[in-house]
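Let's take a walk through this model together, beginning with a helix and the strands it meets. Have the structure open and turn it as you read.

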Amino acid sequence: MKRKIVNIDREKCNGCGLCVNACHEGAIELVNGKAQLIGDEYCDGLGDCLPECPVDAINIIERESKDYDEKLVVEKKKEKLNLKVDLPCGCPGTAARIINRVPKSKIHVSTSGENIGNISKLRQWPVQLKLINPKAAYLKNAELLVAADCTAYAYGNFHEDFIKDHIVLIGCPKLDDINYYEEKFTEIIKNNDLKSITVVRMEVPCCSGIVNAVKNSMLRSGIIVPYKEVIISTEGNIVER
């Protein structure tokens, strides 16, 4: 049948992922860093994704396509949730643990008296958002640091200025599933009586997705946590805090 449906110009798309977050049906995913309609039957043609696109890469067209299938959309959402629950699958790398740091005076100097450099401030494992258990003990009453992957590489003193005294969650809002981020953040906020949330992101447009995910999660959970946002430039400087 001929009906209205989303059309994405991959040449214009900058891969920010905001449309992925805006599409409640899960009809859009990032494929090789670009937004893509995964199937006609997942798109209802209402265009909730249009206002979110910063580069005008999405429009509504009328063409021959499969009917919108609400049942298929519901099944896809259930399937994704099951995959997320089963993700850790007993792998030792996903086991939650708290890292107890030895005092700096006992580890910072080698046996010869030579300074061996700064030590890590990381307090828990894992750090990847996809691997975090929302009910992990280290999240209780935590000062939460939500960081876009690139920030720790761009900003030289990241451990001392941001990781110190925080529980760290990292992810890439351009390459990962923003809807999944919101679901995970919502569960974390609901279950852990957080003291604060600090989001550190890069200045590039695609990084705004991680900010939106955190803010939307607070609205979804009905719990507003003290919030701070820091923006890092691609040259490695703080441009806004």
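Start with α7, which lies across β7, β8, β9 and β10 and runs at about 160° to β9. Keep in mind as you look that this is a predicted model. Now find α6, which lies across β7, β8 and β9, running at about 170° to β8.

The strands beneath your cursor belong to an open sheet of five, in the order β8-β7-β9-β10-β11, with mixed pairing. At its edges stand β8 and β11 (238-240); each has a single partner strand, so one side of each is left without a neighbour in the sheet. On average, neighbouring strands here are turned by 25° against each other, direction ignored. For a look at one edge, follow β10 (residues 227-232) to β11: the two run antiparallel and are joined by two bridges. In one of the pairs you can pick out, I232 has I238 of β11 as its bridge partner.

Next, turn to the side chains. In soluble globular proteins, nonpolar side chains tend to be buried together. In this model the largest nonpolar core has 25 residues, and L144 and I197 touch the most other members. At least two residues of this core come from each of β7 (143-148), β8 (167-171), α6 (178-192), β9 (196-202) and α7 (208-221). Of these, α6 gives the most, with six residues.

What is L144 in contact with, leaving aside its neighbours within four places in sequence? Its contacts are L139, H166, I167, L169, I188, L194, S196, I197 and T198. Apart from this core lies another, of 19 residues, among them I8, I28, C43 and V73.

Conventions: Residues are numbered from 1 along each chain as its sequence is written. This is a predicted model: local features need pLDDT of at least 70, side-chain atom pairs count only at pLDDT 80 or more; totals for chains, interfaces and linings use all residues. Side-chain values use heavy atoms; hydrogens and water are left out. A nonpolar core is a set of buried Ala, Val, Leu, Ile, Met, Phe, Trp, Tyr and Cys residues joined through side-chain atoms within 4.5 Å. Buried means under 20% relative accessible area, exposed over 50%, partly exposed in between (1.4 Å probe, protein chains only). Helices (H or I, at least four residues) and strands (E, at least two) are DSSP runs, numbered from the N terminus. Contact means heavy atoms within 4.5 Å. Two strands pair if DSSP finds at least two bridges between them. Axes are lines fitted to C-alpha atoms, for helices over the stretch in contact, and angles run from 0 to 180 degrees between N-to-C directions.
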